[in-house]
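Open the model in your viewer and show it as a cartoon. Keep the selection tool at hand. We will go stop by stop.

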Amino acid sequence: MSIVLPSSGRHVPCQQCPLRAMPGFREFSPAELPFVASFKTGELLADTGATVLAEGVNSAHLYTLLSGWAFRYKTLPDGRRQILNYLLPGDLLGLQGSVIGEMEHSVEALSPLVLCVFQRNRMDELFSNHPGLGFDLTWLAASEERMLDEHLLSLGRRTAMERAAYLIAFLHQRAVSVGLSPTKQLFIPITQQHVADTLGLSIVHTNKTLRKLADRQLIRWLDRSCEVLDVEGLMALADWDGLRENRRPFI
């Protein structure tokens, strides 16, 4: 397991954060921005496949994903893995460990990552002096819960092909919402093993299912990524109305 540590060699000032320029994120108030800038202690760089947070570890940090893709997962003692959700720019990592005391899941990089690092020992100051930011943390946790509710519904009640269609449409919409798809073409950096571990299917069943989506001209499967060709068709197949988000907060 390759676990990465914060680096002091690179630092994007919060005042110049590229996420602030994206229309999908809400702006900080004049009092919040200086606090967030002081709250941030550095940045973490991670290569594809690196473990950013490990289950059972007590981390002293919170992270906001600045660029790249990652995923949360849990494993059984025999190594079988369940991917719980996917992380994109603006998402918060490590809140669970900050509240409970240790991580109940792990986080792995799907692509090269840049994460902003925050010291969790200033959380009391954040909630006491900046209740708006405290609400933002609560909103992010509630949003994660809502996504997990939808994922659980998909696992429990959708067919294999509907599950796969929902997952790819969901990732497409999330990527578009954070500016990762400036054109209609989008490549999602997942393998068929990632899809299998998300949907609870065997790799053989997953391969057959994705081939059916490709035959319908909904996706095109590449070596280590999936190109979305018809997101509306995927949503219709999954009977999913899409994300209900306007401007969202981030830290």
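This tour starts with the whole chain and then visits its sheets, a hairpin and a helix pair.

**Stop 1: the whole chain**

Remember that this is a predicted model. Colour the chain by pLDDT. The average is 87, and 92% of the residues score at least 70. Now select residues 1–8. Here the pLDDT is below 50. Beyond near neighbours in sequence, this stretch has 21 contacts in the model. Be careful with them: where pLDDT is low, the predicted coordinates should not be read in detail.

Zoom out again. How many helices and strands does the chain have? There are eight helices and eleven strands. The radius of gyration is 18 Å, close to the 18 Å that the globule rule gives for 251 residues, so the chain is as compact as a globular protein of that length. Along its principal axes, the C-alpha trace spans about 55 × 40 × 30 Å.

**Stop 2: a sheet of four strands**

Select residues 40–46, which are strand β1. Add β8, residues 113–119. Then add β3 (61–67) and β6 (92–93). Together they make an open sheet in the order β1-β8-β3-β6, with antiparallel pairing. Which strands lie at the edges? They are β1 and β6, and each pairs on one side only.

Look closer at β1 and β8. Six bridges link this antiparallel pair. Click Lys40: its bridge partner in β8 is Phe118. Strands of a sheet pair through backbone hydrogen bonds, either parallel or antiparallel.

Next, select residues 32–39, helix α1. This helix packs on the sheet and touches β1, β3 and β8. The direction of α1 makes about 60° with that of β1.

**Stop 3: a hairpin**

Select β4 (residues 70–75) and β5 (residues 81–87). The two run antiparallel and are joined by six bridges. Thr75 has Arg81 as its bridge partner in β5. These strands form a hairpin, with five residues between them. Find Gly79 in the turn: its phi is positive, about 100°.

**Stop 4: a sheet of three strands**

Select β9 (187–188) and β10 (219–221), the edge strands, each pairing on one side only. Which strand sits between them in the sheet order? It is β11, since the order reads β9-β11-β10 in this open, antiparallel sheet. Add β11, residues 226–228. Two bridges join it to β9. One to click is Phe187, whose bridge partner in β11 is Glu227.

**Stop 5: two crossing helices**

Select α6 (residues 192–199) and α7 (residues 203–215). Their axes come within 9 Å and cross at roughly 105°. The two helices are therefore roughly perpendicular to each other.

Show side chains where they touch. From α6 come Gln192, Gln193, Val195 and Ala196. They meet Ile203, Thr206, Asn207 and Leu210 in α7. By class, this contact has four nonpolar, four polar and no charged residues.

How values were computed. Residues numbered from 1 in each chain as written. Predicted model: local features only at pLDDT ≥ 70, side-chain atom pairs only at ≥ 80, totals over all residues. Heavy atoms only, no water. pLDDT = per-residue confidence, 0-100. Contact = heavy atoms within 4.5 Å. Pairing = 2+ DSSP bridges. Axes fitted to C-alpha atoms, helices over the stretch in contact; angles between N-to-C directions. Parallel < 35°, antiparallel > 145°, perpendicular 65-115°, else oblique. Nonpolar A, V, L, I, M, F, W, Y, C, P; charged D, E, K, R; others polar. Rg over C-alpha atoms; globule rule 2.2 N^0.38 Å.
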